[in-house]
Amino acid sequence: MKKEKVKEFAKKYLIGFILGIISACTVSVIAATYFPSNDVTYDNKESGLTSTNVQGAIDELYGVCTAEPPAGEQIIEDAGLEKDPYECRYFFTGANPNNYITFNDEEAGWRIVSVECDGTIKIMKDESIGDYRWDELSYNNWNRPAKLNTYLNEDYYNSLTSTAQSQIIEGTYYVGAATRGNNDMQDQINDEKRIISKTKIALPMLSEYIRANSNENCKTFSTYNDNRLTCNSTNWMFYKDIWWTLTPDNEYSYRIFYPVNGQGGISSMGSTDDMAVRPVVTLSSKIKITGGDGSQSNPYTLE
């Protein structure tokens, strides 16, 4: 948004007589030639910049257009991600997209779930960290807090490198119960959103697992299960083991949904059972991509 304001400012206030220029960086260089003096002033009320003299505006413009883009913006552009039809998010979908990322000194050990519209990035551990109970008691209330919630945000969080910890922000996760067999994705998302958890480490939501599929016949709870023999082949989140999601089953006060390995369907299990855990964290919008293209052999790197 700022770049667009800068371009408009450059055209309107600095060099309106120069036609056909669309690059903000080119504008700043040309403007520097025509307006080299700090004494030239202008009205900055509509420019989006803070400077009130032309040379300062040129310097500010040049800084904006030469700065590295935020990581989320760069990932969206590089991967050609499309906005999710249900929320202001950009999801990676398909069998094996280029969404690998190095995090916590684990090369290609994590994968990008989505880029949020606020620039934050949600990532998930590609492999399980082990089998754990969702809770020690027969409840599916993540905010109780569930035993797994406590473990992830204390012991597991403390095991991460200091750099990784500094890149994580407290994310917003939806922990409302979903309806078994629902064939309306918007309804399911709304159900999940009824209860919010603010935490640093969580798990994937069931709706995220379903939306990671590129097959149109696998886009809701019911269609996923109806086509369970094929849906696993078009979903990069599908895993060799059964693993916990964050989403409770609203028919049972003690059951949580999980993807079924082998057939690719979705079922639920009691909270005191042991299953694989693939943590999810939300990365700050301030991080930068320092290299990589997202492939497993050349994952994104961060600073």
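Which residue of strand 13 does Lys122 stand opposite? Select Lys122 and look across: Thr282 in strand 13 is there. Keep in mind that this is a predicted model.

**Stop 1: strand 4**

Select residues 121-125, which make up strand 4. Five of its five residues are buried. Now check each face. Ile121, Ile123 and Lys125 sit on one side, and Lys122 and Met124 on the other. Both faces are covered. In a regular strand, side chains alternate between the two faces of the sheet.

**Stop 2: the neighbours of strand 4**

Add residues 280-283, strand 13. Four bridges join strand 13 to strand 4, and the two run antiparallel. Next, add residues 106-116, strand 3. Strand 3 is also antiparallel to strand 4, with five bridges between them. Find Ser114: its bridge partner in strand 4 is Lys122. Then follow the turn of this hairpin, where four residues lie between the strands. Stop at Gly119 in the turn, which has a positive phi of about 90 degrees.

**Stop 3: strand 2**

Select residues 100-103 for strand 2. Tyr100 and Thr102 are buried on one side, Ile101 and Phe103 on the other. Three bridges join strand 2 to strand 3, again antiparallel. One pair to show is Phe103 with Glu106 in strand 3. This hairpin has two residues between its strands. Asn104 in the turn has a positive phi of about 60 degrees.

**Stop 4: salt bridges**

How many salt bridges does a search of the whole structure find? The count is 15. Start with Asp84 and Arg211, whose closest N and O atoms are 2.9 Å apart. Asp84 is in the loop between helix 4 and strand 1, and Arg211 is in helix 8, so the pair ties together parts 127 residues apart in sequence. Are these two buried or exposed? Asp84 counts as buried because its relative accessibility is 10%. Arg211 is buried too, at 4%.

Move to Arg133, which is partly exposed at 36%. Arg133 forms a salt bridge with Glu136, at 3.4 Å between the closest N and O atoms. Arg133 also meets Asp274 in a salt bridge, 3.7 Å from N to O. Asp274 lies in strand 12 and Arg133 in strand 5, 141 residues apart.

Now show the network joined by shared salt-bridge partners: Asp84, Glu87, Arg89, Glu116, Lys122, Lys193, Glu208 and Arg211.

**Stop 5: a charged patch**

Finish on the surface. Select Glu73, Glu77, Asp78 and Asp293, which form a negative patch. Glu73 belongs to helix 4, residues 71-79. Glu73 counts as partly exposed, at 40% relative accessibility.

Technical notes. Residues numbered from 1 in each chain as written. Predicted model: local features only at pLDDT ≥ 70, side-chain atom pairs only at ≥ 80, totals over all residues. Heavy atoms only, no water. Patch = residues over 30% accessible without salt bridge, like charges linked within 9 Å, V, L, I, M, F, W, Y side chains within 5 Å. Areas by Shrake-Rupley, 256 points an atom, 1.4 Å probe, with all protein chains shown as cover. Salt bridge = Lys/Arg side-chain N within 4 Å of Asp/Glu carboxyl O. Lys, Arg positive; Asp, Glu negative; His and termini not counted. Charge placed at Lys NZ, Arg CZ, Asp CG, Glu CD. Buried < 20%, exposed > 50% of the residue type's maximum accessible area, 1.4 Å probe, protein only. Pairing = 2+ DSSP bridges.
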